[in-house]
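Visitor: I am new to this structure and would rather see one part properly than everything in passing. Please take me close to a helix, and then show me what else is worth a look.

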Amino acid sequence: MVVAAFTWTEFAQQLAAGIREGAIYAGLALAIVIIYRSTRVINFAQGEMATFTTFIAWSLMNHGLSFWTAFPIVLAIAFTGGVAIERIVIRPVEDAPVLTIVIVTLGLALLLNGLTSVIWGGANRQFHGPFSTRTIDVAGVPVSVQDIGIVLVSIGLVAVLALFFRFTKVGLALRAAAVNPDSSRLVGIRVGWTFALGWGIAAVLGAVAGMMIAPVVFLDPNMMQTILLYAFAAAVLGGLDSPLGAVVGGILLGVTITLLGRYVGFLGSTLKLPAALMLILIVLLVRPSGLFGRVAVRRV
Amino acid sequence: MGGRIIFACAIVAAVAATSAGARPSATPGVSATEIHLGSSVPLSGEAAIAGNVARGIDAYFKYVNDKGGVFGRKLTLTYLDDGYDPGRAVNNTIRLIQQEQVLAVFSSLGTSNNLAVRKLLNDAKVPQLYVSSGATTFGRDYKKYPWTIGYIPPYSEEGELYGRYVVKNVKKPKIAVLYQNDDYGRDLLAGLKRGLGARAKSIVASVGYDPTSADVQPQVTQLKASKANVLMVFAFGKFSLQAFNAVSRLAWKPQIFVNDVSSASALMAIVPQKAANGSISIVFGKDPAAPLWRNDKGIKLFQSILKKYGSSVNSRDLQDGYFTAGMATAYTMVDTLRKAGKNLTRQSVMNAATHLNEKGNPFVLPGIVIRTTPSSRFPLTQVRLQRWSNNSWHPFGKLISAKP
Amino acid sequence: MRSRLWIGLAGFAVLALVIAALPRFISDFRARELAIVGMYFIALLGLSVLTGYSGQISLGHGAFMAIGGYTTAVLSVDGIYGHQIRDLWTIPIAGMVAGVAGLLVGLPALRLSGLYLALITFGIAVSLPQLPKKFDQFLGGTTGKILNLAKPPFGLATTANNWIYYLTWGIALVLLVAAWLLVGSKAGRALKAVRDSEVAATSSGVSLATYKTLAFGISAFYAGIAGSLYAIANAYVNPDVFPIILSVYLVVGLAVGGLESLVGLIAGAGLIYFLQNHADSVAGWINHLPVFNLDPKQPGIPSMIFGVVLIVVMLLVPTGVGGLVRRAFGPLTSRLYTRS
């Protein structure tokens, strides 16, 4: 492999790419954490749900709607879908062992992946995002407007969610139900519906992440598979029950992996995933619940 | 506990009952009325679009059957999905030989896939015909693997053609290469270096990517930083698309060469055209989407066969070059079976395949002669260069040789 | 109580006889398929030691199968200093290499619990396939390594597939007896104590660290042997022969089949194999129902079927076979709800 020498311009571009990658991981990781926090379930179908809703967006745009017209429609569909999945598929196994629920989400992932292929076929498609593909000059470095847009949208989402959880009654109910379902019921919180709400919100987050990344990597049924793996890594890194952790973990992971892959010749693009794993393992050995997770102390 | 054992035995008995033990015959896959061939192709996953090759073959076989088949025998193709995964290709091929008992395995797709099954096919003395991969080894290593023969022009020769073109036509070339980090990509790169000859130092940057990458923009960013004015895209499927996307977003304008396998019109049409225009590739088949062949008899035949005999075919498929490539291979296969004679054995098929002299395959460029000898096992060795503009490919220049 | 033991042994003997006699009645190819079911069975046996008896979840056991498979591939193709090793002898070596890897994973695993452990093991399953691609001189990269085809030794007059069948089920029998002895032994009781309550176990003097790590090592050993056999049967390894999803399938097979049930484990192994390789025939069966007209060749249909089967089985199973599952995982789920 013949590599070009180091230049600050390229470094800045790689850094920007890393932040953009990280923003996508953060979005999906946030969805994973929301579901985990509210229902204690790891949703392996998160990526496929995102891909499915992105295809719906594509179909809508194919029929003439502009991106911003289709956007709220898709979010509404995603929300409804998330709620419906929770009520129909997850609810019957709510009290089952964790592993059973995990396998159900896996089955869901396979089902959605197959369904996407059946409805839309496996070919790659162009997805026209809301941001232009122009590049602008930021302090001498060409940066894509699209990348900036992706990062801003992600930050915006996180802010909205933070406000929601902190300052609204519904957000409070969600947090209460997650921590202590039984006491929450006593206070009158409809715990079952807060679970469904959590899934709905996560589905919306996934849909946004999908619509942000599709213009860059091209839309196809398997678009989210590798990204989901990185998102899991980011969620674990940041702490499975910390939304802030998911975002920080995502960006940190994206930047570290991109820079390591470019500047540590030995790693190249092949060892990026193992490098991510090592990174997380080291963090977990020091902080077993992730960077921002709360430690479940169980001294034995 | 006893009940569960009985239940288990019942299942086992059912399994035993449903295994049809195939009757061994003189030549597997051949009966008085049927010739049974097998193939392992990607029908799902990253490379699913390339699986259309098998669907093209299937349609062509049905057409031939309607006209009486080969010496009265109808052709059947059993094609199994391997998702472009060599491990599954191995399983499929074992199933094709041991359960389906096919005469030969042909047009299986993928360099690694075909490498994985080559030994077991040769050990079982089953012909591995018209491999859908341009790795040179399939045509070159016949002494060790006498039952194997390739089909499409070898990748390393393709790379060499690009190298020679650059030397002749690009002033002060500085070449950047994006390649898939496996045998397929590296074959192309090695050929390129050979074609550049003394000017091999014009390669200023080359970066491999792993097929498990999510996106190749970081690699393209790195290549741009080398200030190259020529870019070789030796990629596959969605990675080619991402490469063009990245080139466009980085506002880079090199002369792009894209390798044949990634050059399908369907793919080129959806990338940013600013980046795609001017790209150069090679071609050996007639591209149904190219305006040049709109009124061509061969393409008209192709479309009528696909409409009548294709399964689950839509209007986009009529312009899909993978289907045409499939029919081209099928045409050669039928030609081979006819040459192998009425007394059809695996050996006679192999003899026919290594003595081809086929002119007039309606699905490849006019003037191409598909020729093989036992020691020269590269059926397709003639190509033309083509350039992308106005949303389609335009061949230019004469037929050139891509013979190793 | 005694009669239960005798009935159990009799049932077991019947099963063993059926397995031994089967190849005479089925096609050669079917024997090969059942041999592969046997390999999954061996892996599940190991996993049941880990999850069923020490309560740790691993979503990464496909990686240990890969280690076993690659060990066999490297030893029989490249050999040591050029001396190729006969595929048979590589099997125990492959098991041990995988077992050591399992011990190494078991050590840091001690710090992690529940879902964090599951996700880290999942991370291992994801990362391991990248290593052969990086060290491709030695490990073959994506092209993989091609082994010599399996041949019956000592010139036994039987087909290659039948040989693989007997080899696999013979080893499965030996390993099953070993597992049975383990479970009944002091170590086994210690493992069960760990599973049921770590607090109680430690206060009774059971060293958590030793037994939990040991459980990882043993289960990895089993997986390594399964992987080795698979490499021999396929005569080919590459990173995708042991893909990420395999680790997931193993856990699925375990959960569906049920722990502590021999027949359940065989059923689980059969399910994994069947869904992977015969999803298209399921499409064929469904087409017999009036409403459906599925094209089994259409990409996506097998995935959908697999997904629906998984969901339906899990929805139905949690109370049935899951009774056993709950007993195993009950302490685990309560741990996940623990807060300091």
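Guide: Let us start just past a helix: α3(C) is followed by C:Gly79, whose phi is positive, near 70 degrees. Before going on, note that this is a predicted model, in which local features need pLDDT of at least 70 and side-chain atom pairs count only at pLDDT 80 or more, while totals for chains, interfaces and linings use all residues. Residues are numbered from 1 along each chain as its sequence is written, and chains are lettered from A and ligands numbered from 1 in the order in which they are written.

Helices (H or I, at least four residues) and strands (E, at least two) are DSSP runs, numbered from the N terminus. Helix α3 of chain C covers residues 61–77, and its end C-alpha atoms are 24 Å apart, which agrees with the 24 Å that 17 residues should span at 1.5 Å a residue; the expected span is 1.5 Å times one less than the number of residues. Of those 17 residues, 16 are buried, so α3(C) is largely enclosed by the rest of the structure. Buried means that 20 or more other C-beta atoms, placed from the backbone, lie within 10 Å of a residue's own; with 12 or fewer it is exposed, and in between partly exposed. Across chain C, 57% of the 340 residues are buried, and the chain holds 16 helices and two strands.

Now to chain A. Helix α5(A) has 23 residues and reaches 32 Å from its first C-alpha to its last, close to the 33 Å expected. Its buried residues are A:Gln146, A:Asp147, A:Ile150, A:Ser154, A:Leu157 and A:Val158. Their cover includes α8 of chain A, and also α9 (238–249) of chain B.

α5(A) packs against α8(A) at an angle of about 175 degrees, with the axes 10 Å apart; axes are lines fitted to C-alpha atoms over the stretch in contact, and angles run from 0 to 180 degrees between N-to-C directions. The two helices are therefore roughly antiparallel, a term for angles over 145 degrees. Among the residues that meet are A:Val153 in α5(A) and A:Met212 in α8(A), where contact means C-beta atoms, placed from the backbone, within 7 Å.

Last, chain B: strands β12(B) and β13(B) pair in the antiparallel sense over seven bridges, pairing needing at least two DSSP bridges. B:Gln386 stands opposite B:Pro395 in β13(B). In their hairpin, with two residues between the strands, B:Asn390 takes a positive phi near 55 degrees.

Notes. Angles under 35 degrees count as roughly parallel, over 145 as roughly antiparallel, 65 to 115 as roughly perpendicular and the rest as oblique. Two residues are in contact if their C-beta atoms, placed from the backbone, lie within 7 Å.
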